[in-house]
Amino acid sequence: MGKIVLDIGGTKLRWALWKDQGLHHIQESPTPHLGAHDFVDHLVHLLRPYLQQYQVQELGVASAGPIQTHTGELLGATNLGNGDSSWQRFRLQEELSKKTNTIVSIGNDAAAAALGQFYYVEKQSTADLVVVTLGTGLGVGAIVQGILVEGGQGLHPEVGHMILGPLEESLYSTALGNFPTAESFLAGHHFAKRVSLDLKSDVNGKTLIQLSQQGDPRLHKHWTNYRITMASFLANLYLLYFPKRIVLGGGFAVAAAPYFLEETRKLLTQLLLKQFKAGVKQPAVELSREAELLPLYGAAYL
């Protein structure tokens, strides 16, 4: 019978049937900007054909956070909703379970991406790996010695909100305030906003990639800064977790990799050269072959 798996992202919703250790009948839809209760009703509407046709009793959900996995409660979701008060403390797991009449397992989407990479792509062959998801936001999931690293209070570490610059830099609004965080520099939505300010025109993630494909010279300095910031961020992650592999996932990672990945690898080697000369293993840095579907795979293992 299988189970339904659902990925709730800031830009897209994806769902599928998980059966026989694989994804079937994958669908996607734009993420609506609604209040929390209307948002759940929208999810149920999308999932209803699957619930009726496949008679599943389980639903695995990978959701943008912060999310308290012990209770399935969203705590002021940073990249979801319409900004109203209904999202401040919302029991997503409970609401979905009641309205779908299923057993719901729920987790942070970056944690799910790490589980998907570890169990499905790596087949548990790499016990130490970090997954960085790049889309509307930025998430990080770490597997250390075969175990998913979680934070206190039932929360997944919000590594994407690490502050990367002086607090007086207030150009970019983030979930924490006007602080320069990893997400504000590197996530597709925020990177495009920064380019828009410089070009004095409205640039979103899609048009940003189109301009890059056309070789627009105005983007050269932006991609140079992006590579440097990404290399610095990955160096921080390496020093936190010492992974053997750093894997990139998410829609923006897939689209943008040709413009930053190769140079980022070189810069990362330079930043950590003393570590590598001392005998610490240099990590492989690459795009996951299932980059956009990792949270769905992980939702099956929650």
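**Entry 1: helix α8 and the sheet under it**

I began with helix α8, residues 251–271, which lies across β9, β12 and β13. I noted that α8 runs at about 160° to β13. The model is a predicted one, and I kept that in mind for every entry below.

I then looked up the sheet that holds these strands. It is an open sheet of 5 strands in the order β11-β10-β9-β12-β13, and the pairing is mixed. I found β11 (147–148) and β13 (284–287) at the edges, each pairing on one side only. Helix α7, residues 220–241, also packs on this sheet, touching β9 (129–134), β10, β12 (245–249) and β13. The direction of α7 makes about 145° with that of β9.

I checked the β11 edge by its bridges. Strand β10, residues 138–144, pairs with β11 in the antiparallel sense over 2 bridges. Which residue of β11 stands opposite Val144? I read it as Ile147.

**Entry 2: the other sheet**

I turned to a second set of strands. Here 5 strands form an open sheet in the order β3-β2-β1-β4-β8, again with mixed pairing. I wanted to know which strands stand at the edges. They are β3 (22–30) and β8 (103–108); each has a single partner strand, so one side of each is left without a neighbour in the sheet. I recorded an average twist of 15° from one strand to the next.

Next I went through the pairings of β4. Strand β1, residues 3–8, and strand β4, residues 58–63, run parallel and are joined by 5 bridges. I picked out two of the residue pairs: Asp7 has Ala62 as its bridge partner in β4, and Ile8 has Ser63. Two helices pack on this sheet. Helix α1 (residues 36–54) touches β1, β2 (12–19), β3 and β4, and its direction makes about 25° with that of β2. Helix α3 touches β1, β2, β4 and β8, with a direction at about 100° to that of β8.

On the β8 side, β4 and β8 also run parallel, with 6 bridges between them. There I found Glu58 opposite Ile103 of β8. I also asked how many residues of β4 are buried. The count is 5 of 6, so β4 is largely enclosed by the rest of the structure.

**Entry 3: helix α3**

I went back to α3 for a closer look. The helix spans residues 109–121 and is mostly covered, with 12 of its 13 residues buried. The buried residues include the run from Asp109 through Ala110, Ala111, Ala112, Ala113 and Ala114 to Leu115. Gly116, Gln117, Phe118, Tyr120 and Val121 are also on the buried list.

I looked at both ends of the helix. At the N-terminal end, Asn108 acts as the cap: one of its side-chain oxygens lies 2.7 Å from the backbone nitrogen of Ala110. After the helix comes Lys123, which has a positive phi, near 55°.

I then noted how α3 meets helix α10, residues 294–301. The two pack at an angle of about 85°, with their axes 6 Å apart. That makes α3 roughly perpendicular to α10. On the α3 side I listed Asp109, Ala112, Ala113, Leu115, Gly116, Gln117, Tyr119, Tyr120 and Val121. On the α10 side I listed Leu294, Pro295, Tyr297, Gly298, Ala299 and Tyr301. By class, the residues of this contact divide into 11 nonpolar, 3 polar and 1 charged.

**Entry 4: two single residues**

I chose Gln117, which lies in α3. Is Gln117 buried or exposed? Its relative accessibility is 1%, and the cut-off for buried is under 20%, so Gln117 counts as buried. Leaving aside its neighbours within four places in sequence, I found Gln117 in contact with Glu122, Leu129, Val131, Arg245, Val247, Ser288 and Leu294.

The other residue was His190, found in helix α5, residues 188–199. His190 has 8% relative accessibility and therefore counts as buried. I also took a distance from His190 to Val159, which is 31 residues away along the chain. Their C-alpha atoms are separated by 16 Å.

How values were computed
Residues are numbered from 1 along each chain as its sequence is written. This is a predicted model: local features need pLDDT of at least 70, side-chain atom pairs count only at pLDDT 80 or more; totals for chains, interfaces and linings use all residues. Side-chain values use heavy atoms; hydrogens and water are left out. Buried means under 20% relative accessible area, exposed over 50%, partly exposed in between (1.4 Å probe, protein chains only). Helices (H or I, at least four residues) and strands (E, at least two) are DSSP runs, numbered from the N terminus. A polar contact is a pair of N or O atoms within 3.5 Å; within protein, one must be able to donate a hydrogen and the other to accept it, and residues adjacent in sequence count only if both atoms are side-chain atoms. Axes are lines fitted to C-alpha atoms, for helices over the stretch in contact, and angles run from 0 to 180 degrees between N-to-C directions. Angles under 35 degrees count as roughly parallel, over 145 as roughly antiparallel, 65 to 115 as roughly perpendicular and the rest as oblique. Contact means heavy atoms within 4.5 Å. Ala, Val, Leu, Ile, Met, Phe, Trp, Tyr, Cys and Pro count as nonpolar, Asp, Glu, Lys and Arg as charged, and the others, Gly among them, as polar. Two strands pair if DSSP finds at least two bridges between them.
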